[in-house]
Amino acid sequence: MSQGTLYVMEMSPRSYVNANIVKHFGLDVAIKTEKDEAFNRAFPLGKLPAFIGPKGYKLHECLAISNYLVSLVPKDEVKGFLGKNNQEFASIIKYLSLVNQEFVPAQYQALFMINGRFPYNKKQVDEHLANAEKVAAILEARLSEFTYLVGERATLADFFVAASISDGLKTIFAKPFAKKFPSIARWFQTVSKHAFFEGKFADFVIPEQALVYTPPKKEKKEKKPEAAAAPKKEAKKEVAEEAAPAEAPKPKHPLELLGKPKAVLDEWKRVYSNEETRETAIPWFWKNQYDPEEWSLWKVDYRYNDELTLTFMSNNLVGGFFNRLSASTKYMFGCMVVYGENNNNGITGAFLVRGQDYKPAFDVAPDWESYEFTKLDASNEESKNFINNMFAWDEPVIVNGEKREIADGKVFK
Ligand SMILES: N[C@@H](CCC(=O)N[C@@H](CS)C(=O)NCC(=O)O)C(=O)O
């Protein structure tokens, strides 16, 4: 009889450590990477991993699940995975809890602010990094004297902690962290190569440089001529007046000056959303929407692809960019995709923009300069194919002559 179903988020260490327990010990547990109805019914919190066993037994919380999964392994096969006595067992729980509770949240909060997924706040990033390092210091103290965290052989504590720390090691910690905590670095090399991980970290390299926050390059705001001419002592009052939305005339988007185009964008956005992309929407676009007199086409590439790590994070970066572009929704349409795989991906896309210049449409987003803009000529077959492919994103994209699978994407509409 099946021992249950484990629901996981593939790229999350909390999840894949549990999945690897199932695989390593050959448990008869189904692994699901998609939430289904049974999951939604059983787990109102919706967090992964989660487990449903026979007779309606349900578990969430990765540490509880890993404990239960190991308990399913026959005694003679479990080989000290949870320690060889009560004290070792309790010490394993100590490290699991310490890292899950104190280290993992700090590490990801810092990482997500540094890579642009969350709004950046230097003070908070520094606090999170300091908190993560406090935990690292505890691990370092143990590992400077012993090969493993508990006892004399690798246990669940080593696997869980190594997996948890790996996302930070390859991004925000990197070599400077490895130098500061040399025993952790040495231990990570040993544990990550253990059969338990089935080669997951075979190509893992700790980068020389830690990922740092790259602030969006803001353009200097031009002063309004009237404001500049206003006498200084009036300044305070003026600011107060400007801040009152009812009285301040809303500045017009520069593209408003171009007047109404013949083909309104909303119509195209409706067709794109409702019709089959290749069969109907794309032919409609070329026939009814694209008029080179009124619109231009742009290839948009992220400039710092080599800093991207996980594909879902790259896609979130695109999402953030699109949010910041919202003031230009009326004047453009586009799709951006993430191609490649974790730790080797890039962002590219195609946009239709009102007018002949990309800048007035894009510079509403403070991070527009993180992207490169290349004008596309629709009479060129290759450019046209690229645009079609970005709108449909159903085929690999060619990057530097190489076919790259599209992992994810977003539509700006
Ligand atoms: N306290 C839970 C936390 C689980 C958790 O935060 N899971 C994340 C992935 S690492 C998740 O499911 N996030 C998706 C969501 O919040 O919807 C545990 O230790 O297992």
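In what follows, a residue is called buried when its relative accessible area is under 20%. With that cut-off in hand, let me start with A174, which at 0% relative accessibility counts as buried, and I should say at once that the model we are looking at is a predicted one. A174 sits in helix α6, and its phi is near 55°, a positive value in a residue other than glycine. For context, most residues other than glycine have a negative phi, and most peptide bonds are trans.

Staying in helix α6, which covers residues 156–180, we come to T171. T171 is also buried, because its relative accessible area is 3%, and, once residues up to four places away in sequence are set aside, T171 touches L111, Q209, A210, L211 and T309.

T309 takes us to the second largest pocket, whose volume is about 950 Å³. There are 37 residues lining this pocket, and those closest to its centre are K170, T309, L310, N342 and N343. Sorted by class, the lining comprises 16 nonpolar, 11 polar and 10 charged residues, and at least two residues of the lining come from each of α1 (13–24), α6 and β7 (344–354).

N343 deserves a moment, since here again we have a residue that is not a glycine and yet has a positive phi, of about 70°. N343 belongs to the loop between β6 (332–341) and β7, and with 42% relative accessibility N343 counts as partly exposed.

Let me turn now to helix α1, where we find N18. N18 is buried, with a relative accessible area of 1%, and, leaving aside neighbours within four places in sequence, its contacts are L6, P49, C62, I65, S66 and L69.

Of these contacts, P49 lies in the loop between α2 (37–42) and β3 (50–52), and the peptide bond that joins L48 and P49 is cis, with omega about 5°.

L48 leads us, finally, to the ligand, which is surrounded by M9, S12, R14, K47, L48, E61, C62 and N100. Within that group, L48 places a backbone N or O atom 2.8 Å from an oxygen atom of the ligand, whereas for R14 it is a polar side-chain atom that lies 3.1 Å from a ligand oxygen atom. E61, for its part, has a polar side-chain atom 2.6 Å from a nitrogen atom of the ligand.

Key
Residues numbered from 1 in each chain as written. Predicted model: local features only at pLDDT ≥ 70, side-chain atom pairs only at ≥ 80, totals over all residues. Heavy atoms only, no water. Helix = DSSP H or I, 4+ residues; strand = E, 2+ residues; numbered from the N terminus. Buried < 20%, exposed > 50% of the residue type's maximum accessible area, 1.4 Å probe, protein only. Contact = heavy atoms within 4.5 Å. 1 Å grid on protein atoms, 1.4 Å probe; cavity = no way out; pocket = protein on both sides within 12 Å on 5 of 7 lines; lining within 4 Å. Points joined across faces, edges and corners; volume = space filled by probe spheres on them. Nonpolar A, V, L, I, M, F, W, Y, C, P; charged D, E, K, R; others polar. Near = heavy atom within 4 Å. Polar contact = N/O pair within 3.5 Å; in protein donor to acceptor, adjacent residues only side chain to side chain.
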